[in-house]
Amino acid sequence: MPGEGEVASNGHVTVHLDEPPQVVSLGVGIHGTARRRDVFRLPDMWQLHLYRYAAELSFEGSSYAIRPGRVSLIPPGVQVQFLYRGRSEHLYAHLRMSGAGQSHRVPVMQEAGAETPQLTELLSQAVAAWPETPARATADVWAALWRIARLGVTTAAGGPHAAVAKALAYIASNLASPLTVPDVARAAGVSHNHLTRLFRAETGDTVVAHIRRRRLERARHLLRESTLSIPTVAASVGIADLQAFNKACRREFGASPRAVRAGHRGAART
């Protein structure tokens, strides 16, 4: 049940993370196709969302802008309203949290920034593990919550250049879509050439190479941890052509997608 001090105040909520959450539901939410407005309330469950779209969230008289790479943590018992601009996809978890232990004050909505890839990976792993192995799913959600609670600390302590952090977040949130360097640069708010220089300096890699690696890392995870068909896995990481997907897996992992799924030894090579 919700503990004291969890109600949103000045755009923040208080959470207690000393004990793992009780995960009730996990998944990929798709909204905005049939209607542009959703209003609902979960009486005794927190709502965790990692967004891949632009929209607006409001509750208790406050509005929060939703953008790709932002994460929200909504407390139990409040009526929320989402205003969509079209098809809208996010990762979500509905959960109950203990009121015991040290408290952490967390913004209702915040930029995940450079943590977006890690949060996306953790929540995607949790979705794939749920409900066959709920303990593993719970562990991944718990780890994600700790990262979310420390986002402000991480930002204050330093990290990638702001444009690179935005680029990383945009890439992680749009792996299933066509991605070009100019698209990523626009999302990061810099020119194509400037992003190329910054990205190489910060990561030691090119934007294109990073996109390819992240797509194949996601593909390997889905092949090993989900029952999605190989064509669906390929499409979900932005490689709709099966022949190209097969070649990419063989180049990166030394094995076909089917062999990666079966645990081929070559799949461990990076």
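1. In what order do the five strands of the open sheet stand? The order is β2-β9-β4-β7-β11, and the pairing is antiparallel. Keep in mind that this is a predicted model. The edge strands are β2 (22–31) and β11 (109–111). Each of these two pairs on one side only. Neighbouring strands here are turned by 20° against each other on average, with direction ignored.

2. Follow the pairing through this sheet, starting at β4. Strand β4 covers residues 46–51, and strand β9 covers residues 88–96. Six bridges join β4 to β9, and the two run antiparallel. To find the register, look at W46: it stands opposite L95 in β9. Strand β4 is also joined to β7, by four bridges, again antiparallel. Here L48 stands opposite L73 in β7.

3. Now take β7 (70–74) on to its partner β11. These strands pair in the antiparallel sense over three bridges. S72 has M109 as its bridge partner in β11.

4. Is β7 buried or exposed? Five of the five residues of β7 are buried, so this strand is largely enclosed by the rest of the structure. Check the two faces separately. On one side, R70, S72 and I74 are buried. On the other side, V71 and L73 are buried. Both faces of β7 are therefore covered. Note that the list of buried residues includes R70.

5. Helix α2 belongs in the same view. This helix lies across β2, β4, β7, β9 and β11. It runs at about 75° to β2. Turn the model until both α2 and β2 are visible, and compare their directions.

6. Helix α2 also packs against helix α1. Two packed helices are described by the angle between their axes and the distance between the axes. Helix α1 holds residues 116–129, and helix α2 holds residues 134–149. Their axes come within 8 Å and cross at roughly 160°. An angle over 145 degrees counts as roughly antiparallel, so α1 and α2 are roughly antiparallel to each other. Their crossing is left-handed.

7. Which residues make the contact of α1 with α2? From α1 come Q118, L119, L122, L123, Q125, A126 and A129. From α2 come P134, R136, A137, D140, V141, A143, A144, R147 and I148. The residues of this contact divide into eleven nonpolar, two polar and three charged.

8. Look at the loop between α1 and α2, where P131 lies. A cis peptide bond joins W130 and P131. Omega is about 0° there.

9. There is also an open sheet of four strands. Its order is β3-β8-β5-β6, with antiparallel pairing. Strands β3 (37–41) and β6 (62–66) stand at the edges. Each has a single partner strand, so one side of each is left without a neighbour in the sheet. The twist averages 20° from one strand to the next.

10. Within this four-stranded sheet, check β5 and β6. Strand β5 covers residues 55–59. Strands β5 and β6 pair in the antiparallel sense over five bridges. S58 stands opposite S63 in β6. The loop between β5 and β6 holds E60. This residue has a positive phi of about 50°, although it is not a glycine.

11. Helices α4 and α5 form another pair to examine. Helix α4 covers residues 162–173, and helix α5 covers residues 181–188. Their axes come within 8 Å and cross at roughly 125°. These helices are therefore oblique to each other. The crossing of α4 and α5 is right-handed.

12. What meets what in the contact of α4 with α5? A163, K166, A167, Y170 and I171 in α4 meet D183, V184, A187 and A188 in α5. The residues of this contact divide into seven nonpolar, no polar and two charged.

13. Finish at V190. Where is it placed? V190 is in the loop between α5 and α6 (192–203). V190 and V164 are 26 residues apart in sequence. In space they are 9.6 Å apart, C-alpha to C-alpha. Leaving out residues up to four places away in sequence, V190 touches A163, A185 and L195. One of these, A163, is also part of the contact of α4 with α5.

Terms used. Residues numbered from 1 in each chain as written. Predicted model: local features only at pLDDT ≥ 70, side-chain atom pairs only at ≥ 80, totals over all residues. Heavy atoms only, no water. Axes fitted to C-alpha atoms, helices over the stretch in contact; angles between N-to-C directions. Parallel < 35°, antiparallel > 145°, perpendicular 65-115°, else oblique. Left-handed = near helix turned anticlockwise from the far one by under 90°. Contact = heavy atoms within 4.5 Å. Nonpolar A, V, L, I, M, F, W, Y, C, P; charged D, E, K, R; others polar. Pairing = 2+ DSSP bridges. Buried < 20%, exposed > 50% of the residue type's maximum accessible area, 1.4 Å probe, protein only.
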